[in-house]
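Reader: I'm new to this one and would like to know how its labels are earned. Could you show it to me, and then I'll start asking?

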Amino acid sequence: MPEINQQNKTIQVCCGPGCLANNSLALYHKLREKLAKINADVTVETLVKKTGCDGLCAKGPVVKILPEDIAYYQVKESDIEEIVEKTILQNKVVERLLPRDAVTGMRIKSPKDNEFYRRQMKIALRNVGVIDPDKLSDYLERDGYTALKKALFSMTPDEIIEEVAQSGLRGRGGAGFPTGRKWKQCAGYQNTPRYVLCNGDEGDPGAFMDRSIMEGDPHSVIEGMTICAYALHSHKGFAYIRDEYDLAVKTMSGALVQAREAGFLGENILGSGFSFDIQIVRGGGAFVCGESTALMSSIEGKVGEPRAKYIRSVERGLWGQPTVLNNVETWANVPVIVNRGGAWFSVIGTPKSTGTKVFSLVGKVKNTGLVEVPMGITLRELIFDIGGGIDGGRKFKAVQTGGPSGGCIPGELLDLPVDFDSLAKAGSIMGSGGIIVMDDRTCMVDVARYYLNFLAEESCGKCVPCREGIKRMLEILNDICKGKGQAGDLELLLEICDTVKEASLCGLGKSAPIPVITTIQYFRDEYLSHIRDKRCPAGVCPELTTFTIDPDTCTGCGLCRKLCPAGAILGERKCVHSINQSQCIKCGNCIDKCQFHAIIAV
């Protein structure tokens with residue numbers, strides 16, 4: 001039997017949440033079992049690694065073989081035998097497991113030739129999908145904790161803060177406040193103790209950037225927080241992690257234990273005389289706890305409610321003491337900035353939005369997944385080059401950036417640069433990095449309603465404008481979607497939006513109107529169709545939709561008839577079909593599955 005040449009060979013199995021849901025952990029164990037049987041002398045622990053999210057979630061599970069730089073996608077347990085026999089033992093490629101290029105149709109062997117990866121630049125995600133997050137040794141092999149050593153023994157606290165300020169790094173949690181300025185302000189207050197916090201309470205629907213970093217590269221977060229703590233003379237930190245993120249909590253907890261044992265955390269770090277430790281706090285299960293002051297209240301053991309920000313957290317934050325709070329992605333950038341310099345980081349991206357940004361690219365796009373790109377990339381490049389275009393061959397309609405409080409941007413703005421200022425000018429926000437792509441089967445009125453429903457449930461109810469204003473807007477949108485819209489509804493919605501935006505206490509309420517404002521701004525005709533014509537152009541709102549079959553386009557393939565749960569579609573094979581309107585339940589299954597676009601919403 002052929003021997004396994006273990007020298008420099010690594011098999012990486014993605015065990016991020018998406019791939020785990022598709023049984024990747026079973027692949028990992030089967031690979032180890034198979035290789036151990038072939039050669040009892042092989043060190044399976046170093047040969048096969050389970051990694052964090054590889055990024056291309058749409059095509060998981062992902063298995064990569066190095067140094068040959070081969071990447072296999074949608075791997076099944078039944079494929080393991082062939083991968084071992086051909087690729088591991090004979091250095092041959094299993095062609096059928098390689099992805100196809102969207103343009104040429106040719107199989108792509110290396111991720112470097114894949115458009116999804118080729119256009120990315122990974123800084124915050126530099127180790128995610130590469131290292132085993134449970135092994136400190138993997139992190140150390142990739143220059144882990146060298147930035148901490150540099151900070152402790154070669155830099156003063158002021159020099160560290162200045163380096164971060166020079167980088168132009170802005171908070172990646174949504175607000176985009178300059179990180180260096182925040183640290184400098186906190187250092188300027190004499191009160192002690194000072195606290196360093198990590199916001200890992202990522203609650204946006206469709207967002208998984210922070211969890212992927214915590215699950216795939218936890219030590220980068222720990223190192224970034226510890227560097228900041230040294231710069232601020234802080235000795236205590238807290239990582240506030242969303243309660244639903246069990247894997248992130250487990251991975252971060254293990255990394256903290258390893259960091260303490262290795263001397264990178266705890267008392268007298270690396271013999272420097274500086275002490276700092278981090279404690280994990282599980283989130284309160286509320287979206288509003290992602291807001292800075294609500295998060296701090298939750299850590300203190302109080303109800304997670306925000307407070308007015310006439311006094312900033314850098315002066316009086318956790319337990320009334322000077323506090324720096326940054327999100328997971330921001331912390332992951334810090335070690336690289338300290339190692340490579342703020343000047344290096346500042347030339348990436350745009351002058352006012354430097355560096356890269358991690359996005360979760362989801363929705364009606366072919367290549368859903370986790371991406372990191374330089375600031376200033378256009379929406380078109382993100383969606384059509386990296387994302388591969390709209391799934392199912394339908395037309396692009398809109399993209400929402402910034403989570404449930406983000407704006408919906410139409411097709412005519414596809415060449416808009418993705419940076420803090422450009423998105424703000426378009427009426428949207430960067431947020432934490434959610435990018436949700438929508439096709440022509442998306443009703444923009446229903447989208448606004450969906451997000452307001454989410455925000456109404458997540459509002460803490462402390463302030464009247466947010467608590468009552470969002471509910472009232474939701475009531476109006478519900479009426480519009482049911483065909484009960486009236487003249488003047490749009491004007492009333494915008495009036496309430498202004499009040500909620502100006503008078504709400506925290507960012508949840510202040511940004512809640514954005515989905516409504518932008519959908520009215522860019523898709524007013526769609527609102528008018530609902531109100532005036534009692535029709536939903538996208539065919540989503542049941543009370544305002546009728547589906548018909550175009551006789552000139554229908555081929556009689558019968559697929560819609562087979563998939564109709566109500567048995568409302570009639571017709572013989574190869575003959576034009578029809579819909580029995582009295583039986584149709586308006587589910588939209590037929591229009592979504594018809595390959596010939598023969599079904600129309602009228």
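Reader: What makes Arg119 count as partly exposed?

Author: Its relative accessibility is 29%. Buried means under 20% relative accessible area, exposed means over 50%, and partly exposed is what lies in between (1.4 Å probe, protein chains only). At 29%, Arg119 therefore counts as partly exposed. Before we go on: this is a predicted model, where local features need pLDDT of at least 70 and side-chain atom pairs count only at pLDDT 80 or more, while totals for chains, interfaces and linings use all residues. Residues are numbered from 1 along each chain as its sequence is written, and side-chain values use heavy atoms, with hydrogens and water left out.

Reader: Why are Arg119 and Glu115 called a salt bridge?

Author: A salt bridge is a side-chain nitrogen of Lys or Arg within 4 Å of a carboxyl oxygen of Asp or Glu. For Arg119 and Glu115 the N to O distance is 2.9 Å, so the pair fits that definition. Glu115 has a relative accessible area of 24%, so Glu115 is partly exposed.

Reader: What about Arg282, which salt bridge does it form?

Author: Arg282 pairs with Asp246, and their closest N and O atoms are 2.4 Å apart. This pair links distant parts of the chain, with Arg282 in strand β7 (residues 277-282) and Asp246 in helix α12 (residues 246-261), 36 residues apart. Those names come from DSSP runs numbered from the N terminus: helices are H or I with at least four residues, strands are E with at least two. Arg282 has a relative accessible area of 36%, so Arg282 is partly exposed. As for networks, salt bridges that share partners join Glu115, Arg118, Arg119, Glu381 and Asp385 into one.

Reader: How many salt bridges does a search of the whole structure find?

Author: The search finds 30. One of them joins the side chains of Lys86 and Glu82, at 3.2 Å from N to O. These two are 4 residues apart in helix α4 (residues 80-90), so about one helical turn separates them. Lys86 has 34% relative accessibility, so Lys86 counts as partly exposed. Glu82, at 23%, therefore counts as partly exposed.

Reader: Why does Glu215 count as buried or exposed, whichever it is?

Author: Glu215 has 6% relative accessibility, so Glu215 counts as buried. Glu215 is found in helix α10 (residues 209-216). Leaving aside neighbours within four places in sequence, Glu215 is in contact with Pro17, Pro133, Leu247, Ala248 and Thr251. Contact here means heavy atoms within 4.5 Å.

Reader: What makes α10 oblique to α14?

Author: The axes of α10 and helix α14 (residues 328-340) cross at roughly 50° and come within 8 Å. Axes are lines fitted to C-alpha atoms, for helices over the stretch in contact, and angles run from 0 to 180 degrees between N-to-C directions. Under 35 degrees is roughly parallel, over 145 roughly antiparallel, 65 to 115 roughly perpendicular, and the rest oblique. The crossing angle therefore makes α10 oblique to α14. Asp210, Ile213 and Met214 of α10 meet Val328, Glu329 and Ala332 of α14.

Reader: How do you know how α18 and α22 run relative to each other?

Author: Helix α18 (residues 444-458) and helix α22 (residues 514-522) pack at about 170°, with axes 9 Å apart. That is why α18 and α22 are roughly antiparallel to each other. Met444, Ala448, Tyr451 and Leu452 of α18 make the contact with Pro515, Val516 and Thr519 of α22.

Reader: Which residues have the most contacts inside the largest nonpolar core?

Author: They are Trp183, Ile222 and Trp331, in a core of 67 residues. A nonpolar core is a set of buried Ala, Val, Leu, Ile, Met, Phe, Trp, Tyr and Cys residues joined through side-chain atoms within 4.5 Å. Helix α11 (residues 218-232) gives the largest share of this core, 9 residues.

Reader: What makes Asn91 stand out in its backbone?

Author: Asn91 has a positive phi of about 60° although it is not a glycine. Asn91 sits in the loop between α4 and α5 (115-118). With a relative accessible area of 53%, Asn91 is therefore exposed.
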